[in-house]
Amino acid sequence: MKTIIEPFKIKMIEPIKLTTREEREAILRRAHFNVFQIPAEEVIIDLLTDSGTSAMSAEQWAGMIRGDESYAGARSWFRFENVLRELTGMAHILPTHQGRASERILFELVGGPGKVIPSNNHFDTTRANIEHSGAKAVDLVIDEGKHARSRHPFKGNMDLAKLERLIGEVGAERIPVCMMTVTNNSGGGQPASLENLRAVRDVCRRHRIPFFLDACRFAENAFLIKQREQGQSHRSARDIAREMFDLADGATISAKKDGLVNIGGVLLMRDDALAQRANNLLILTEGFVTYGGLAGRDLEAMAQGFVEVLDEHYLEYRIRSISYLGEHLLAAGVQIVEPPGGHAIYIDAAAFCPHIPIEQFPGQALVCGLYRHAGIRAVEIGSVMFGAVDPDTGESAHPAMELVRLAVPRRVYTQSHIDYVIEAIVELFKERERLRGLRIIEAPPALRHFTARFAEI
Ligand code: F0G
């Protein structure tokens, strides 16, 4: 059979409220054209994020009931620790409430003024935590990773020459850790190859720089390696994932992605002395080392999620459902970041609305158009999110790509939901010259995309 089906049945349903175009028009205006301000109930298909939006399995819910809520040494903690140890081989496993809590602890320990921390692309909370510590975050993704049309199979790879150059310029002693985000969320959900991870690890080892993964989507990255990297197709995703972790000295993980849970995170490391200090900070701000700011039931759900995510039938369906969306859009002439990656499709909004100048936020215009047309909520990753206003000159800087991300929650939507999304985008594309640019009427100085208010031009 060539049809790849969702390898699960639906046991519990959540109704979707269907709104009319007129209703959505009023909602959009009330939200000042910012979809973060729209109540989720008023959204038909919510592709804002794949983070914390997974549907849990019957086994995960059963674990929620079995959860041991003891303060110290709970049974649920030992199960969680066993699963993570087997998956990653790391000596020290610290539970946290989500990815950015792991980042905050790590960078409070190794960051600070004068330090420089490279990655392929840092995710925005990672960058913010690095900068909050006083250190500088640097992106060293390969050039192909910056071009929507490049079909390089591993656009999440790091440019080794740029890494060597950075080390030469600032000195290894100022680089307390080198990161790699797998898959590379800010770079279009693109995977990094094992070959590249090994090479980055070798450079780091030569310069005695610890190598850490931002491993939120490790399973999707592992499966894309299995599908795309020469000599890897015979291996299991679990085996490939284990090699990815074996290459690293530690990792930060938001379990809200490939952990298949609604809340949770992990901080992993091998170094005993660093782990001791991290445990102290964990106790100070998250919770005791055997629960880290979570309930015992959350640890059970995470433990089970980290097992289920490596099921190859699940991964095959997951990766296929993303490429199904991407390929249908491409076939209709909608430019996306090619090839489709792990968790989302990223539309090239500048190509979608060439009539809207970058100063009028074409990505945000497309996001608003999608909501108005079909009640679909996507997120702008472009000049609103990353465009900064220079406080001295008042001029706006714009990022390399103007994208709209359609992030697909795990195990939540069926193929007909995705068909609805495709139909809506293709219809909108046909009448794209009707999309209108926006101007900001009110915005905070930092992280403006969450609360900025817009008006249509
Ligand atoms: N690293 C990456 C690569 C991420 O994508 C995220 C979150 C984090 C770290 C932080 O994890 O949210 O649990 O604190 N990404 C979400 C997104 C928010 O929509 O892409 P967190």
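In this predicted model, a nitrogen atom of the ligand sits 2.7 Å from an N or O atom in the side chain of Asp214. Two arginines make approaches to oxygen atoms of the ligand: a polar side-chain atom of Arg100 lies 2.7 Å from an oxygen atom of the ligand, and an N or O atom in the side chain of Arg405 is 2.7 Å from an oxygen atom of the ligand. Of the 470 Å² of accessible area that the ligand has on its own, the protein covers 93%.

The shell from which these contacts come holds 17 residues, and those that come nearest to the ligand are Thr49, Arg100, Asp214, Ser254 and Lys257. By character, the shell divides into two nonpolar, eight polar and seven charged residues. Helix H4, which spans residues 99-110, gives the most to this shell, with three residues.

From the ligand one can turn to the open space computed over the protein atoms alone. The largest pocket encloses about 1,500 Å³, and of the 36 residues that line this pocket, Met12, Glu14, Ala55, Arg411 and Val412 are the closest to its centre. Its lining divides into 19 nonpolar, seven polar and 10 charged residues, and the largest share of that lining, three residues, comes from helix H2 (residues 58-66). Both domain 1 (21-50 + 311-456) and domain 2 (58-308) contribute at least three residues each to the lining of the largest pocket.

The second largest pocket has a volume of about 910 Å³, and the closest to its centre, of the 32 residues in its lining, are Arg127, Met385, Phe386, Gly387 and Pro399. Because domain 1 (21-50 + 311-456) and domain 2 (58-308) both give residues to its lining, the second largest pocket lies between them. Helix H5 (124-132) and strand S12 (388-389) each supply at least two residues of this lining, with H5 giving the largest share, four residues. The lining of the second largest pocket comprises 19 nonpolar, seven polar and six charged residues.

There remains the enclosed space. The structure holds one cavity of 30 Å³ or more, and the volume of the largest cavity is about 60 Å³. Its lining is formed by Asn34, Val35, Phe36, Gln364, Ala378, Val379, Glu380, Val384, His449 and Phe454, which divide into six nonpolar, three polar and one charged.

Terms used:
Residues are numbered from 1 along each chain as its sequence is written. This is a predicted model: local features need pLDDT of at least 70, side-chain atom pairs count only at pLDDT 80 or more; totals for chains, interfaces and linings use all residues. Side-chain values use heavy atoms; hydrogens and water are left out. A residue is near a molecule or strand if one of its heavy atoms lies within 4 Å of it. A polar contact is a pair of N or O atoms within 3.5 Å; within protein, one must be able to donate a hydrogen and the other to accept it, and residues adjacent in sequence count only if both atoms are side-chain atoms. Accessible areas come from the Shrake-Rupley method with a 1.4 Å probe; for residues, only the protein chains shown count as cover. Ala, Val, Leu, Ile, Met, Phe, Trp, Tyr, Cys and Pro count as nonpolar, Asp, Glu, Lys and Arg as charged, and the others, Gly among them, as polar. On a 1 Å grid over the protein atoms alone, a cavity is a set of points where a 1.4 Å probe fits but cannot get out, and a pocket is an open set with protein on both sides within 12 Å along at least five of seven lines; lining residues have an atom within 4 Å of a point. Grid points are joined across faces, edges and corners, and a volume is the space filled by probe spheres set on the points. Domain bounds come from an automatic or database domain assignment.
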